[in-house]
Amino acid sequence: MWSYNYTFQYSYSPTLCHHGKKGQKWGVRNGPPYPLKRDENKVENSKKSGIIKITISGHKSAPMKAEPNSIIDHISSKTGKVDKRSYYDERGLKLKDVHTTDHGNPKVHPYGKHGEHAHDYTWYKDGSVKQGKHRDLDTEERKENSDIL
């Protein structure tokens, strides 16, 4: 029968370990452009229309419930442009999303020049939501969202 005798000695010797990529500067991280913008959730109040406009960016998505009568623009971290605009009703429930691209899938979203389309939402009495199928934007929606299309 075999037997092993293990002894473990702990000795502290300070060592310098490198984490990151070769040539990477101290304090610089790999990932989205750092530092992240501090005005990420900037709110603009429009006194004329009573509509509150909010801008979000990064990996956050627009919530299903938000400030009543608000519009949320989502800015893509890749392009820096608005890729989705969400509209909310007087109760703060999402009415529709307007997407500016085909999400890299032109077969599923064969609309417009760049695949721009809309998603409509229906809310049930129990508080659950039914997302409608995607559809092409009508002429009024195209005029309304011409700044992002």
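Is His103 buried, partly exposed or exposed? Select His103 in this predicted model and look at its surroundings. At a relative accessibility of 45%, His103 counts as partly exposed, because that class covers values from 20% to 50%.

**The loop around His103**

Keep His103 selected and show the backbone. This residue sits in the loop that links strand 5 (94-99) and strand 6 (117-123). Its phi is positive, about 60°, although His103 is not a glycine. Most residues other than glycine have a negative phi.

**A second positive phi**

Now select Asn69. This residue is not a glycine either, and its phi is positive, about 55°. Asn69 is found in the loop between strand 2 and strand 3 (70-75). With a relative accessible area of 36%, Asn69 is partly exposed.

**The whole chain**

Zoom out and colour by secondary structure. The chain has seven strands and one helix. Going along the sequence, the order is β-β-β-β-β-β-β-α, with the helix after the strands.

Next, show the surface. The chain exposes about 12100 Å², and 54% of that area is supplied by carbon and sulfur atoms. Of the 149 residues, 28% count as buried. For contacts between residues at least 6 apart in sequence, 25% join residues at least 24 apart.

**The nonpolar cores**

Hide the surface and select Ile52, Ile54, Ile56, Ala62, Ile72 and Tyr88. These six residues form the largest nonpolar core. Strand 2 (residues 52-57) gives the largest share of this core, three residues. A second core, separate from that one, has five residues, among them Ile71, Val98, Ala118 and Leu137. In soluble globular proteins, nonpolar side chains tend to be buried together.

**A pocket to finish**

Which residues line the second largest pocket? Select Ser76, Thr79, Lys81, Val82 and Asp83, then add Thr100, Thr101 and His114, and lastly Asp147, Ile148 and Leu149. The space in this second largest pocket is about 250 Å³. Colour its lining by residue class: five residues are polar, three are nonpolar and three are charged. The nonpolar residues of the lining are Val82, Ile148 and Leu149, while Lys81, Asp83 and Asp147 are the charged ones. The polar residues of the lining include Ser76 and His114.

Note on methods:
Residues are numbered from 1 along each chain as its sequence is written. This is a predicted model: local features need pLDDT of at least 70, side-chain atom pairs count only at pLDDT 80 or more; totals for chains, interfaces and linings use all residues. Side-chain values use heavy atoms; hydrogens and water are left out. Helices (H or I, at least four residues) and strands (E, at least two) are DSSP runs, numbered from the N terminus. Buried means under 20% relative accessible area, exposed over 50%, partly exposed in between (1.4 Å probe, protein chains only). Contact means heavy atoms within 4.5 Å. Accessible areas come from the Shrake-Rupley method with a 1.4 Å probe; for residues, only the protein chains shown count as cover. A nonpolar core is a set of buried Ala, Val, Leu, Ile, Met, Phe, Trp, Tyr and Cys residues joined through side-chain atoms within 4.5 Å. On a 1 Å grid over the protein atoms alone, a cavity is a set of points where a 1.4 Å probe fits but cannot get out, and a pocket is an open set with protein on both sides within 12 Å along at least five of seven lines; lining residues have an atom within 4 Å of a point. Grid points are joined across faces, edges and corners, and a volume is the space filled by probe spheres set on the points.
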